[in-house]
Amino acid sequence: MSYIDGFLIPVPTGKKEAYRSMAAKAAPIFKEYGATRVVETWGDDIPDGKVTDFRRAVNAVDGENTVFSWIEWPDKATRDTGMKKVMEDPRMNDMKDMPFDGQRMIYGGFAPIVEA
């Protein structure tokens, strides 16, 4: 069964294209090191919750939108090896000036329990 890295990121709406460009440059690097799919999505229908919601999860403020993204890997071993190589790849240094506040990014690895 596959393995998923998931991300939730607050991005200033005025930096949407900068984020999209950065993500488009990074995606082939992830795929080079074993990822099977990289998906970046821009918040379009994010309701405010009564207890919690996507915006509150990343402390998004006015003028920010929420990006939900994931990277699919064939398995956790490929992800562990591939992610290490991605982080060591010098091409990633070109993306050090991220168009978002990385301290509010939420991320983690997930083992699927249902795939259909």
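Here are a few notes on the core and on two charged residues, Arg56 and Glu64.

1. Ground rules first. This is a predicted model, where local features need pLDDT of at least 70, side-chain atom pairs count only at pLDDT 80 or more, and totals for chains, interfaces and linings use all residues. Numbering starts from 1 along each chain as its sequence is written, and side-chain values use heavy atoms, with hydrogens and water left out.

2. The largest nonpolar core (buried Ala, Val, Leu, Ile, Met, Phe, Trp, Tyr and Cys joined through side-chain atoms within 4.5 Å) has 19 residues, and Ile9, Tyr19, Phe30, Trp73 and Met92 touch the most other members. Strands E1 (3–12) and E3 (64–73) and helices H1 (16–32) and H3 (76–88) each supply at least two of its residues; H1 gives the largest share, 6. Helices (H or I, at least four residues) and strands (E, at least two) are DSSP runs, numbered from the N terminus.

3. Beyond four places in sequence, Met92 is in contact (heavy atoms within 4.5 Å) with Ala26, Ile29, Phe30 and Val86.

4. Glu64 lies in E3 and counts as buried at 12% relative accessibility (buried is under 20% relative accessible area, exposed over 50%, partly exposed in between; 1.4 Å probe, protein chains only). What joins the side chains of Glu64 and Arg104? A polar contact of 2.6 Å (N or O atoms within 3.5 Å, one able to donate a hydrogen and the other to accept it; residues adjacent in sequence count only if both atoms are side-chain atoms). A polar side-chain atom of Glu64 also lies 2.9 Å from the backbone nitrogen of Val61.

5. Arg56, in helix H2 (54–57), is partly exposed at 39%. A polar atom of the Arg56 side chain lies 3.3 Å from the backbone oxygen of Val51.
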